[in-house]
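I opened this one to see how the two chains sit together, and then to poke at a few strands and a loop. These are my notes, in the order I looked things up.

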2 protein chains.
Amino acid sequence: MKKTQFKGSVILNPVPVVMITSKNLKGESNVFTVAWTGTICTKPPMLSISIRPERLSYEYIEETMEFIVNIPSQKQVRETDYCGVVTGRKNNKIKEMGFTMNKGSETNVDYIADCPINIECKVKQIIKLGTHDLFIAEVVQSHVNTNLMDEKGKICFEKAELINYCHGEYFPMNETPIGKFGFSVVKNKNLEKEYDIKYGTKGKSKKFFNKK
Amino acid sequence: MKKTQFKGSVILNPVPVVMITSKNLKGESNVFTVAWTGTICTKPPMLSISIRPERLSYEYIEETMEFIVNIPSQKQVRETDYCGVVTGRKNNKIKEMGFTMNKGSETNVDYIADCPINIECKVKQIIKLGTHDLFIAEVVQSHVNTNLMDEKGKICFEKAELINYCHGEYFPMNETPIGKFGFSVVKNKNLEKEYDIKYGTKGKSKKFFNKK
């Protein structure tokens with residue numbers, strides 16, 4: 001395949017898109033949207049968000065070193081967009097959106113109860129980068145809509161109707177997986193059959209070579 | 001909505017899933033898969049990946065401070081999984097996968113030409129976290145399949161058939177967007193009509209309140 005060179009921006013896609021809530025020392029809350037986020041460590045559980053220093057949320061989070069990641073569902077795509085475009089310096093976005101806010105349990109931040117998943121975080125380190133600074137944070141608690149939990153305590157993400165972000169557009173998560181961690185090396189015949197049905201690999205060559 | 005508390009892991013989903021190539025000072029190449037990655041800065045363009053210190057790729061990348069992010073298409077979901085499960089200490093994964101490798105232009109690392117997008121990176125900082133360490137890197141070049149570029153030099157990601165990763169499963173990217181950055185505040189009537197058709201918001205209330 002012929003390749004074209006492309007410089008000057010990060011073209012890692014798709015990425016998550018989440019709403020971040022924070023509260024300053026005066027008790028004022030704000031919300032804004034970030035796509036520059038990711039999981040960075042399994043134990044202790046850690047994630048990062050990147051924030052432009054001119055953002056109001058930068059001030060709030062730097063002051064308290066706490067924030068909450070609110071993962072939106074597809075129903076909240078307009079709200080997610082709006083909170084990334086409009087500044088909290090001029091608009092009370094939480095009020096405008098009509099969000100129901102709950103108190104966090106391990107931080108002094110409120111979270112958006114309307115979002116299916118909320119992740120409370122405490123900032124450990126802020127690293128200056130350029131247009132954005134990197135906030136490295138530990139996850140101290142999560143809140144999940146109870147109707148997403150199965151009887152075994154597993155989270156059914158497929159019911160959450162999540163979004164991702166790709167090159168400036170919001171996409172609904174696809175509902176049908178095409179593989180599972182470890183499915184390429186499964187040796188148990190019954191499990192292989194189960195995966196073949198679930199992931200549509202039945203009758204397909206399992207060889208990696210010449211598969212392109 | 002009633003909430004259930006959940007502790008001990010990062011439930012940020014969906015996230016990207018990519019194959020990382022690297023080359024040690026002896027000239028040996030390796031590939032492994034990471035989902036703990038994200039964009040962290042717009043200018044300079046930067047991204048991060050998190051790596052377990054016991055990984056062979058950790059050694060290679062620490063030695064040369066370079067790596068390439070290879071974004072797989074849906075055709076490479078089995079390869080993506082395999083490279084995340086099997087260690088380069090025992091298997092020559094690049095050979096096993098039958099990958100076609102191209103030389104990077106700004107690094108001494110080779111990239112997987114079969115992947116639609118490849119991002120060359122130079123590591124600026126390694127931050128010790130826990131099970132994983134965070135590699136903060138600057139993007140120095142990207143290579144994109146020429147058939148993904150339109151006549152204006154824009155990348156058509158929708159043609160790349162990308163994957164994302166959610167709670168242990170691989171999902172194909174949905175093809176139909178439900179919104180675009182800034183669509184919630186558009187004031188131009190013609191543009192609003194265009195968005196209404198494209199994003200299925202025609203005839204729907206544009207009010208944020210009472211939309212749940």
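**Entry 1: strands across the chains.** Before starting, I fixed what I mean by pairing: two strands pair if DSSP finds at least two bridges between them. I also reminded myself that this is a predicted model. With that cut-off in hand, I looked for pairing across the two chains. Strand E12 of chain A (residues 169–172) and strand E13 of chain B (residues 179–180) run antiparallel, with two bridges between them.

I then looked up who faces whom. Tyr170(A) is opposite Gly179(B) in E13(B). Glu169(A) has Lys180(B) in E13(B) as its bridge partner.

**Entry 2: the sheets these strands belong to.** I followed the pairing outwards. The result is an open sheet of three strands, ordered E11(A)-E12(A)-E13(B), with antiparallel pairing. E11 of chain A (163–166) and E13 of chain B are at the edges with a single partner strand each, so one side of each has no neighbour in the sheet.

I checked for a sheet with the chain letters swapped and found one. E13(A)-E12(B)-E11(B) is the order of an open, antiparallel sheet of three strands. Its edge strands are E13 of chain A (179–180) and E11 of chain B (163–166), each pairing on one side only. Inside chain B, E11(B) pairs with strand E12 (residues 169–172) in the antiparallel sense, over four bridges. Ile163(B) is opposite Pro172(B) in E12(B) there.

**Entry 3: the whole contact.** How many residues does each chain put into the contact? I got 87 residues from chain A and 87 residues from chain B. On the chain A side, strand E10 (residues 133–145) gives the most, with seven residues. Sorted by class, that side of chain A holds 44 nonpolar, 30 polar and 13 charged residues.

**Entry 4: symmetry.** Next I superposed the copies. Chain A goes onto chain B with an RMSD of 0.0 Å, by a turn of 180 degrees and a shift of 0.0 Å along the axis. That is how a two-fold axis relates copies. I also compared the two sides of the contact: 100% of the interface residues of chain A are interface residues in chain B too, so the copies meet through the same surface.

**Entry 5: chain A on its own.** I stepped back to take stock of one chain. Chain A has four helices and 13 strands. Its C-alpha trace spans about 60 × 50 × 35 Å along the principal axes. Of the 212 residues in chain A, 47% are buried. I looked at contacts in chain A between residues at least 6 apart in sequence, and 59% of them join residues at least 24 apart.

The domain assignment splits chain A into domain 1 (18–172) and domain 2 (177–212). I noted 35 Å between the C-alpha centres of these two domains of chain A.

**Entry 6: strand E5 of chain A.** Is E5(A) mostly covered or mostly open? Strand E5 (residues 46–51) of chain A is mostly covered, with six of its six residues buried. I went through it face by face. Met46(A), Ser48(A) and Ser50(A) are buried on one side, and Leu47(A), Ile49(A) and Ile51(A) are buried on the other.

Then I looked up its partners. Strand E4 (residues 37–41) of chain A pairs with E5(A) in the antiparallel sense over four bridges. Cys41(A) has Met46(A) in E5(A) as its bridge partner. E4(A) and E5(A) make a hairpin, with four residues between them. E5(A) is also joined to E10(A) by six bridges, again antiparallel. There I found Ser50(A) opposite Leu134(A) in E10(A). E10(A) is the strand I had already flagged in Entry 3 for giving the most to the side of chain A that touches chain B.

**Entry 7: a loop residue in chain B.** Where is Arg89(B)? It sits in the loop between helix H2 (77–85) and helix H3 (93–97) of chain B. I counted 10 other C-beta atoms within 10 Å, so Arg89(B) is exposed. I also checked Arg89(B) against Asn30(B): they are 59 residues apart along the chain, and their C-alpha atoms are separated by 9.2 Å.

Methods: Residues are numbered from 1 along each chain as its sequence is written. Chains are lettered from A and ligands numbered from 1 in the order in which they are written. This is a predicted model: local features need pLDDT of at least 70, side-chain atom pairs count only at pLDDT 80 or more; totals for chains, interfaces and linings use all residues. Two residues are in contact if their C-beta atoms, placed from the backbone, lie within 7 Å. Ala, Val, Leu, Ile, Met, Phe, Trp, Tyr, Cys and Pro count as nonpolar, Asp, Glu, Lys and Arg as charged, and the others, Gly among them, as polar. Domain bounds come from an automatic or database domain assignment. A residue is buried if 20 or more other C-beta atoms lie within 10 Å of its own, exposed if 12 or fewer, and partly exposed in between; C-beta atoms are placed from the backbone. Copies are superposed by least squares on the C-alpha atoms of residues with pLDDT of at least 70 in both.
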